[in-house]
Amino acid sequence: MATETPPPATPGTTHPSTEEFAEVQQSAEFGELRRAHRSFAFPLTIAFISWYLLYVLLSNYADGFMGTKVAGNINVAFVLGLAQFLTTFLIAWWYARHAAAKLDPQAEAIKSRMEGGA
């Protein structure tokens, strides 16, 4: 439900104007925050999508390789399928660490300055 009423003011903070948002968006500090996010997220996204598409292509066109037994009834396709889940969780964990160490402090500094805390 959208309203025209601004959110209630928290004691000790002010709400920035549209002009202040635009000014911060043009600042070098905000540009650095965006670069830090993009330089981490974009390459990982491209790598993961490539890895996923490789798995799909191998599943469709490399039956012999994907059907190769690794141990008992476990084949390469099963191992690579489980690796898809593992890499998903590893990337999420890695991004959370990166964000906590590099992105969150920068974003918090910008936010506190905009809200009048700095």
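**Exercise 1. Val79 and its surroundings**

Task: Decide whether Val79 is buried, partly exposed or exposed in this predicted model, and find which surface patch includes Val79.

Solution: Begin with the relative accessibility of Val79, which is 39%. Buried means under 20% and exposed means over 50%, with partly exposed in between, so Val79 counts as partly exposed at its 39%. Next, place the residue in the chain: Val79 is found in helix H4. Then turn to the surface, where Val79 joins Val70, Ile74, Phe78, Leu82, Phe85 and Phe89 in making a nonpolar patch of about 710 Å². Finally, ask where the patch comes from: its largest share, five residues, is supplied by H4.

**Exercise 2. A buried residue of helix H4**

Task: Establish whether Gln84 is buried or exposed, and name the residues that Gln84 is in contact with once its neighbours within four places in sequence are left aside.

Solution: First locate the residue, since Gln84 belongs to helix H4, which covers residues 76-114. The relative accessible area of Gln84 is 9%, and because buried means under 20%, Gln84 is classed as buried. The last step is to look for its partners: with neighbours within four places in sequence set aside, Gln84 is in contact with Phe48, Trp51, Tyr52 and Tyr55.

**Exercise 3. The aromatic cluster**

Task: Work out how many aromatic pairs the structure holds, and which residues the ring pairs link into a cluster.

Solution: Start with the count, which is two aromatic pairs. In one of them, the ring centres of Phe40 and Trp94 are 5.1 Å apart and the planes stand at 80°, so this pair is edge-to-face. Phe40 sits in helix H2 (residues 28-61) and Trp94 in helix H4, so the pair ties together parts that lie 54 residues apart in sequence. Accessibility can be added for both partners: Phe40 counts as buried at 12% relative accessibility, whereas Trp94, with a relative accessible area of 44%, is partly exposed.

Now take Phe40 with Tyr95, where the ring centres are 5.8 Å apart and the planes are at 45°, so the pair is tilted. This pair, too, links distant parts of the chain, with Phe40 in helix H2 and Tyr95 in helix H4, 55 residues apart. Tyr95 itself counts as partly exposed, at 31% relative accessibility. Putting the steps together, ring pairs link Phe40, Trp94 and Tyr95 into a cluster.

**Exercise 4. The chain and its annotated spans**

Task: Describe in what order the elements of the chain run, and state which residues UniProt lists for "transmembrane region".

Solution: Count the elements first: the chain has four helices and two strands, and from the N terminus on they run α-α-α-β-β-α. Then consult the record, an unreviewed UniProt entry, which lists residues 40-62 and 74-96 for "transmembrane region". Comparing these spans with the model, residues 40-62 are 96% helix and 0% strand, with 32 Å between the end C-alpha atoms, while residues 74-96 are 91% helix and 9% strand, with their end C-alpha atoms 32 Å apart.

To finish, consider the chain as a whole, in which buried residues make up 18% of the 118 residues. Its accessible surface comes to about 8900 Å², and 66% of that belongs to carbon and sulfur atoms. Among contacts with a separation of 6 or more, residues 24 or more positions apart account for 60%.

Methods: Residues numbered from 1 in each chain as written. Predicted model: local features only at pLDDT ≥ 70, side-chain atom pairs only at ≥ 80, totals over all residues. Heavy atoms only, no water. Buried < 20%, exposed > 50% of the residue type's maximum accessible area, 1.4 Å probe, protein only. Contact = heavy atoms within 4.5 Å. Patch = residues over 30% accessible without salt bridge, like charges linked within 9 Å, V, L, I, M, F, W, Y side chains within 5 Å. Areas by Shrake-Rupley, 256 points an atom, 1.4 Å probe, with all protein chains shown as cover. Salt bridge = Lys/Arg side-chain N within 4 Å of Asp/Glu carboxyl O. UniProt positions renumbered as here; feature names shortened; annotations may be inferred. Phe/Tyr/Trp six-rings, centres within 6.5 Å; stacked < 30°, edge-to-face > 60°.
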